[in-house]
Amino acid sequence: MKVLILSCLLAAVLGIDYDEAKRGFDSLDLNGDGVVLPEEWLTARAKIDANKDGNVTIEEYTALHQPGTPEIVIQGNFNYYDKLDGADDGVISLSLFPVLFDILDADNDGEITLGDWFTTLPQVNDGIENEIVALYAA
């Protein structure tokens with residue numbers, strides 16, 4: 001209960017839409033137990049690589065978003081993850097996922113809890129916002 005209250009407070013203070021962020025977490029928590037394990041993370045990873053070539057293109061990434069999502073938001077997200085995978089090469093390598101899992105696992109215990117999610121989400125969001133700002137400035 002304390003984690004849930006802390007998560008709500010963090011979301012409010014940091015300007016994160018709690019419901020939207022919680023839906024993102026829930027989409028990864030495949031068995032609904034409140035914890036994202038590496039196995040669940042790998043299952044989610046497999047879903048975004050539509051042609052199963054080990055990379056995610058901007059077209060595959062765009063297909064994951066709601067219709068009407070601004071192109072600059074999608075491109076900013078894509079650019080952030082493309083750089084985070086270690087190679088700014090126009091594709092997101094699936095090697096990104098262990099790196100991102102480690103970032104989101106705030107306490108490094110091998111699982112992502114809702115508390116971890118809300119602790120680390122601002123860091124990820126800041127990186128994405130920086131990419132969107134850079135696109136506006138270009």
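How exposed is Asp-26, expressed as a relative accessible area? With a relative accessible area of 36%, Asp-26 is partly exposed. The values in this report are computed from a predicted model.

## Overall architecture

The protein has seven helices and four strands. Read from the N terminus, these elements follow the order α-α-β-α-β-α-α-β-α-β-α. Of the 138 residues in the protein, 36% are buried.

Contacts between residues at least 6 apart in sequence were also classified by separation. Of these, 51% join residues at least 24 apart. One pair distant in sequence is Leu-114 and Phe-25, which are 89 residues apart along the chain and have C-alpha atoms separated by 7.1 Å. Leu-114 belongs to helix α7 and is buried, its relative accessible area being 11%.

## Salt bridges

The structure holds two salt bridges. In one, the side chains of Lys-22 and Asp-26 meet with an N to O distance of 2.7 Å. Both residues lie in helix α2, which covers residues 18-28, and they are four residues apart, about one turn of the helix. Lys-22 is partly exposed, with a relative accessible area of 24%. Asp-26 is likewise assigned to the partly exposed class because its value of 36% falls between the limits of 20% and 50%.

The other salt bridge is formed by Glu-131 and Lys-83, whose closest N and O atoms are 3.1 Å apart. This pair links distant parts of the chain: Glu-131 lies in helix α7 and Lys-83 in helix α5 (residues 71-84), with their positions 48 residues apart in sequence. Glu-131 has a relative accessibility of 12% and therefore counts as buried, the cut-off being under 20%. Lys-83, in turn, is partly exposed at a relative accessible area of 43%.

## Buried acidic residues without a salt bridge

Which side chain of opposite charge is nearest to Glu-40? It is that of Lys-47, 9.9 Å away, and Glu-40 is buried yet has no salt bridge. The 9.9 Å separation exceeds the 4 Å limit, so the pair does not count as a salt bridge. Glu-40 is located in helix α3, which spans residues 38-48. The side chain of Glu-40 reaches the backbone nitrogen of Leu-37 at 2.8 Å. When neighbours within four places in sequence are left aside, the contacts of Glu-40 are Leu-28, Asp-29, Leu-30, Asn-31 and Val-35.

Asp-49 is also buried and without a salt bridge; its nearest side chain of opposite charge is that of Lys-52, at 6.1 Å. This distance too lies beyond the 4 Å limit, so no salt bridge is assigned. Asp-49 occupies the loop between α3 and β2, the latter comprising residues 55-56. A polar atom of the Asp-49 side chain lies 3.1 Å from the backbone nitrogen of Asp-53. Residues up to four places away in sequence not being counted, Asp-49 touches Gly-54, Asn-55, Val-56, Glu-60 and Leu-94.

## Geometry of helix α7

Helix α7 consists of 24 residues, 114-137. At 1.5 Å a residue, the helix should span 34 Å, and the separation of 34 Å between its end C-alpha atoms agrees with that expectation. The helix nevertheless bends by about 35 degrees at Thr-120, and a proline, Pro-122, follows within four residues.

## Positive phi angles in loops

Most residues other than glycine have a negative phi. Lys-52 has a positive phi of about 55 degrees although it is not a glycine. Lys-52 is placed in the loop between α3 and β2 and is exposed, with a relative accessible area of 57%.

Asn-108 also has a positive phi, near 55 degrees, and is a residue other than glycine. Asn-108 is found in the loop between α6 (96-104) and β4 (112-113). At 61% relative accessibility, Asn-108 counts as exposed because the value is over 50%.

Note on methods
Residues are numbered from 1 along each chain as its sequence is written. This is a predicted model: local features need pLDDT of at least 70, side-chain atom pairs count only at pLDDT 80 or more; totals for chains, interfaces and linings use all residues. Side-chain values use heavy atoms; hydrogens and water are left out. Helices (H or I, at least four residues) and strands (E, at least two) are DSSP runs, numbered from the N terminus. Buried means under 20% relative accessible area, exposed over 50%, partly exposed in between (1.4 Å probe, protein chains only). Lys and Arg count as positive and Asp and Glu as negative; His and the chain ends are not counted. A polar contact is a pair of N or O atoms within 3.5 Å; within protein, one must be able to donate a hydrogen and the other to accept it, and residues adjacent in sequence count only if both atoms are side-chain atoms. Contact means heavy atoms within 4.5 Å. The expected span of a helix is 1.5 Å times one less than its number of residues. The bend at a residue is the angle between axes fitted to the seven residues ending there and the seven starting there.
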